[in-house]
Amino acid sequence: MFIASARRKENIAEYLIYMWQIEDIIRANGLDIDRITTNVINRFTDLTDEQRRQLTEWYESLIDMMRRENVEKSGHLQLNKNVILQLADLHQALLNDSRFGQYSAEFYLTLPFIVELRAKSGDNVVGEIETCFNALYGMLMLKLAGKEVSSETDKAVKQITRFIAMLAMYFKKDSEEDLFKETE
């Protein structure tokens, strides 16, 4: 909760990857708050009693949302889907605005990798931005598992990382100073 809040303010891409990890941590603990308390919350030794209570309530609310939204086994919470939608909307706005040519150029360097990833995803086709996040999250999971990745995959993920970092930077700028407000 505390980490998520800080990441949301600073880097929306890191926030989303973190929240996907939290969803998987909740699943790995069987959506059981007692197991999450033992395996996750109790590992934070520097929390006050109030912070521990808040963190427990946060996990409980996420568990409740996962059950209500039927994402106990897979999928993402609507709050995380909404972030993807916001990023996709910003992505389109940036592409449609000639002031952001560097962003468009970065996207078109990334597009062949997105197309290739979508071709490999079979029937589970998602939008361009979600495809990028799926690739980044997949790479994170491979690294955590100690798996090797091919040089082609590494090249693709490096380009996707550059592109998503730029999108995240524009997201932060847009939240601080509306990038698309009408000038008189």
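**Figure 1. The whole protein, a predicted model in which 38% of the 184 residues count as buried.** Welcome to the overview. The protein contains 8 helices and 0 strands, and reading along the sequence gives the pattern α-α-α-α-α-α-α-α. Taken along the principal axes, the C-alpha atoms fill a box of roughly 50 × 45 × 30 Å. Among contacts with a separation of 6 or more, 65% link residues 24 or more positions apart. About 11,000 Å² of the protein is exposed, and carbon and sulfur atoms supply 50% of that area. As for charge, there are 23 positive and 30 negative side chains, with the centres of the two sets lying 4 Å apart.

**Figure 2. Helix 7, covering residues 128-144, and its buried residues.** Let us start with the length of this helix. At 1.5 Å a residue, the 17 residues of helix 7 should span 24 Å, and the end C-alpha atoms are 25 Å apart, which agrees. Which residues of helix 7 are buried? They are Ile 129, Thr 131, Cys 132, Phe 133, Ala 135, Leu 136, Tyr 137 and Met 139. An α-helix has 3.6 residues a turn, so residues three or four places apart point the same way. The buried residues of helix 7 pack against four partners: helix 2 (12-28), helix 5 (78-96), helix 6 (101-120) and helix 8. Following helix 7 comes Gly 146, with a positive phi near 75°.

**Figure 3. Helix 4, covering residues 49-68, and the residue Asn 70 just after it.** This view can be read in the same order, with length, then burial, then what comes next. Helix 4 has 20 residues, which at 1.5 Å a residue should span 28 Å; its end C-alpha atoms lie 29 Å apart, in agreement. The buried residues here are Leu 55, Thr 56, Trp 58, Tyr 59, Leu 62, Ile 63, Met 65 and Met 66. Just after the helix, look for Asn 70, which sits in the loop between helix 4 and helix 5. Its phi is near 55°, a positive value in a residue other than glycine. Is Asn 70 buried or exposed? Asn 70 is exposed because its relative accessible area is 59%, over the 50% cut-off.

**Figure 4. Leu 31, in the loop between helix 2 and helix 3 (33-39).** Here is another loop residue with a backbone angle to notice. The phi of Leu 31 is near 55°, which is positive in a residue other than glycine. Leu 31 counts as buried because its relative accessibility is 9%, under the 20% cut-off.

**Figure 5. Val 83, a buried residue of helix 5.** Now we move into a helix and look at one residue with its neighbours. With a relative accessible area of 2%, Val 83 is buried. Which residues does Val 83 touch, not counting those up to four places away in sequence? The neighbours are Arg 8, Ile 12, Tyr 15 and Leu 16. Val 83 can also be compared with Ala 13: the two are 70 residues apart in sequence and 9.1 Å apart in space, C-alpha to C-alpha.

**Figure 6. Gln 159 in helix 8 (residues 151-176) and its polar contacts.** This close-up follows the side chain of one polar residue. Gln 159 counts as buried, at 5% relative accessibility. The side chains of Gln 159 and Thr 110 are joined by a polar contact of 2.9 Å. A polar contact of 2.5 Å also links the side chain of Gln 159 to the side chain of Arg 162. Leaving aside residues up to four places away in sequence, Gln 159 touches Glu 106, Leu 109, Thr 110 and Phe 113.

**Figure 7. Asn 124, in the loop between helix 6 and helix 7.** The last stop is a loop residue. Asn 124 is exposed, with a relative accessible area of 56%. How far apart are the C-alpha atoms of Asn 124 and Lys 9? They are separated by 30 Å, and the two residues are 115 residues apart along the chain.

Definitions and conventions:
Residues are numbered from 1 along each chain as its sequence is written. This is a predicted model: local features need pLDDT of at least 70, side-chain atom pairs count only at pLDDT 80 or more; totals for chains, interfaces and linings use all residues. Side-chain values use heavy atoms; hydrogens and water are left out. Helices (H or I, at least four residues) and strands (E, at least two) are DSSP runs, numbered from the N terminus. Buried means under 20% relative accessible area, exposed over 50%, partly exposed in between (1.4 Å probe, protein chains only). A polar contact is a pair of N or O atoms within 3.5 Å; within protein, one must be able to donate a hydrogen and the other to accept it, and residues adjacent in sequence count only if both atoms are side-chain atoms. Contact means heavy atoms within 4.5 Å. Accessible areas come from the Shrake-Rupley method with a 1.4 Å probe; for residues, only the protein chains shown count as cover. Lys and Arg count as positive and Asp and Glu as negative; His and the chain ends are not counted. The place of a charge is taken as NZ of Lys, CZ of Arg, CG of Asp or CD of Glu. The expected span of a helix is 1.5 Å times one less than its number of residues.
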